Amino acid sequence: METTDDKMERRLYSHDLAPLPKEMDLIFKTMPDHVDRPQYTQDVVQLVTKAISTKVALVPRGAGTWGLGGSVPVKGGRVLDMTAMNKILEIDPVNLIARVQPGITWKALSDALDAKGLFLPCYPSSAPSATIGGWVSTGGTGIGAYKYGTAGDIVRDMEVVLPTTEVIHTGDKYVPQNGCGPNLNWLFIGAEGTFGIITEITLSVLPKPEEMRPLTYSFDDVMKMQPAFVKLARSEVRPMHIMFGDKLHYDYLRAIGKHAPQVGCLVTCMMTGSKASVDMEEHLLDEIMKNAGAKKEPQELATHEWEERNYEFRVRELGVGAIPGEILVPMDKLNVVLQGTAKLIKDLKLKAPLIGTVADQNTVMLMPYYLTDEHKLVASTASMGFAKRLGDLASDNGGRAVGLGIFFAGNLSKYRGKNGAELIRKMKDLLDPHGIMNPGKMVQTGTRYGISMPAFLMNFGMHMMGSMKRILPRDKIGEKELSKLK
Ligand SMILES: Cc1cc2nc3c(=O)[nH]c(=O)nc-3n(C[C@H](O)[C@H](O)[C@H](O)COP(=O)(O)OP(=O)(O)OC[C@H]3O[C@@H](n4cnc5c(N)ncnc54)[C@H](O)[C@@H]3O)c2cc1C
């Protein structure tokens with residue numbers, strides 16, 4: 001196992017997708033003291049044993065593509081870079097399972113399955129870099145979720161090193177967990193690395209569909225998507241994935257010289273199945289979209305959009321960062337939340353394109369993002385204010401923000417109720433009696449001083465950051481490039 005305490009390397013592990021301004025050092029010690037790269041389960045057991053005796057925090061990390069600080073220390077300690085545990089241990093084409101180490105990327109597994117005529121039912125759009133262990137630990141939703149379910153739904157079994165050094169299996173390689181007591185897989189799916197370290201995962205896979213056909217439709221206004229999605233959910237049509245982007249998203253893409261349409265919004269669906277079933281579904285989908293006022297766009301654009309599905313933040317090329325907010329909203333509240341999001345963007349003087357996916361038949365995931373220099377205090381401050389208010393908007397409409405991490409740990413009670421949150425905290429104490437496993441996340445916001453920040457204070461602070469943004473001058477990033485568009 002490799003270990004480093006080189007300062008430059010450690011600095012790389014002191015942030016994830018969303019770097020924090022250096023002023024945050026007053027509250028958090030995000031720089032780890034050591035970085036370890038375990039290769040085997042036994043390496044992880046050794047590190048946990050050492051952490052218990054030295055009382056040092058362990059922070060599991062995949063590729064660091066999540067933006068809520070889950071893989072960033074709050075009080076130093078050891079970061080466990082899991083990307084050296086990246087082997088495919090088994091692909092079983094008869095029982096349709098793949099057993100892997102957690103540090104392999106979704107793309108690498110997908111490519112290996114493809115070569116054997118198999119197919120990964122779902123993956124995050126960050127699949128080229130995100131690890132299997134990372135996405136399972138965030139319990140995210142992503143590509144394939146509409147038809148096949150999401151990360152948690154395809155996990156059959158995991159090997160986990162508990163914060164007390166025991167190694168357990170959470171499920172069974174071949175059969176599901178029905179009728180044998182609580183399903184332990186779900187204890188660790190979405191636990192954000194706070195309950196234990198996943199060292200092996202067995203996933204269900206599928207035979208590759210005979211036909212995979214992307215289709216794309218444009219609307220003159222995002223508000224027209226909702227009736228189409230409602231109709232679609234009640235029909236026999238089951239796209240593998242449904243994703244969309246608004247006018248500003250495509251304007252930005254054209255502003256940076258990419259091929260992108262001039263539309264009010266574009267909805268792209270990926271159909272999978274036999275050729276005959278996809279032909280039938282395409283016919284039905286065309287009818288649904290036409291009745292909702294959409295125009296079918298050429299196949300070439302649909303194929304292009306599908307090929308771009310892993311690169312939705314290309315406008316970062318403007319030379320600054322792109323900060324996303326991410327919320328899940330019930331289908332019937334989609335237009336109310338779209339209106340609320342537009343108002344919030346205006347109030348905070350932002351320019352924020354909108355992208356999103358239809359997560360399942362009941363739920364839409366919205367991800368507005370805006371361009372800013374996230375290393376600067378004001379910009380980073382604004383991002384937290386925006387994300388906080390966006391999450392509140394979702395909650396007020398029966399939805400929620402996605403993920404807890406460091407900054408949204410205070411939302412646990414809001415989402416699980418007081419007693420539910422208390423039970424989760426008790427489970428954390430039971431599983432991690434020494435408090436070494438990714439402390440200061442999910443159940444509470446920790447600080448470098450070892451004391452937690454009260455939820456009300458964190459929420460109030462984030463709200464005030466939004467208020468600060470309101471009185472600051474309007475952001476002008478990207479305006480010059482947009483003004484050059486015809
Ligand atoms: C361009 C882009 C697109 C994205 N698209 C999606 C999307 O479609 N859907 C979605 O849900 N998210 C998406 N995300 C967010 C992010 O990519 C995912 O959450 C991702 O899967 C995280 O994987 P990671 O390997 O980067 O994990 P990290 O960011 O390194 O870690 C995430 C969390 O998992 C924990 N963790 C990591 N490995 C382990 C392990 N082996 N055992 C225990 N805990 C562990 C960490 O402690 C942390 O709390 C996207 C991000 C980007 C930048």
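## An open sheet, two helices and a loop residue

In this predicted model, an open sheet is built from 5 strands in the order 5-6-10-8-9, with antiparallel pairing; two strands pair if DSSP finds at least two bridges between them, and helices (H or I, at least four residues) and strands (E, at least two) are DSSP runs, numbered from the N terminus. Strand 5 (88–92) and strand 9 (167–169) stand at the edges with a single partner strand each, so one side of each is left without a neighbour in the sheet. On average, neighbouring strands of this sheet are turned by 10° against each other, direction ignored.

Within the sheet, strand 8 (residues 155–161) and strand 10 (residues 197–204) run antiparallel and are joined by 6 bridges, and Val-161 stands opposite Ile-197 in strand 10.

Two helices touch these strands, where contact means heavy atoms within 4.5 Å. Axes are lines fitted to C-alpha atoms, for helices over the stretch in contact, and angles run from 0 to 180 degrees between N-to-C directions.

| Helix | Strands | Angle |
|---|---|---|
| Helix 2 (residues 41–54) | strand 8, strand 9 and strand 10 | about 45° with strand 8 |
| Helix 3 (residues 106–115) | strand 5, strand 6 (97–100) and strand 10 | about 40° to strand 5 |

Thr-131 is found in the loop between strand 7 (118–119) and helix 4 (132–138). This residue counts as buried because its relative accessibility is 3%, where buried means under 20% relative accessible area, exposed over 50% and partly exposed in between (1.4 Å probe, protein chains only). Not counting residues up to four places away in sequence, Thr-131 touches several residues, including Gly-62, Thr-83, Pro-102 and Trp-106.

Residues are numbered from 1 along each chain as its sequence is written, and side-chain values use heavy atoms, with hydrogens and water left out. Local features need pLDDT of at least 70 and side-chain atom pairs count only at pLDDT 80 or more, whereas totals for chains, interfaces and linings use all residues.
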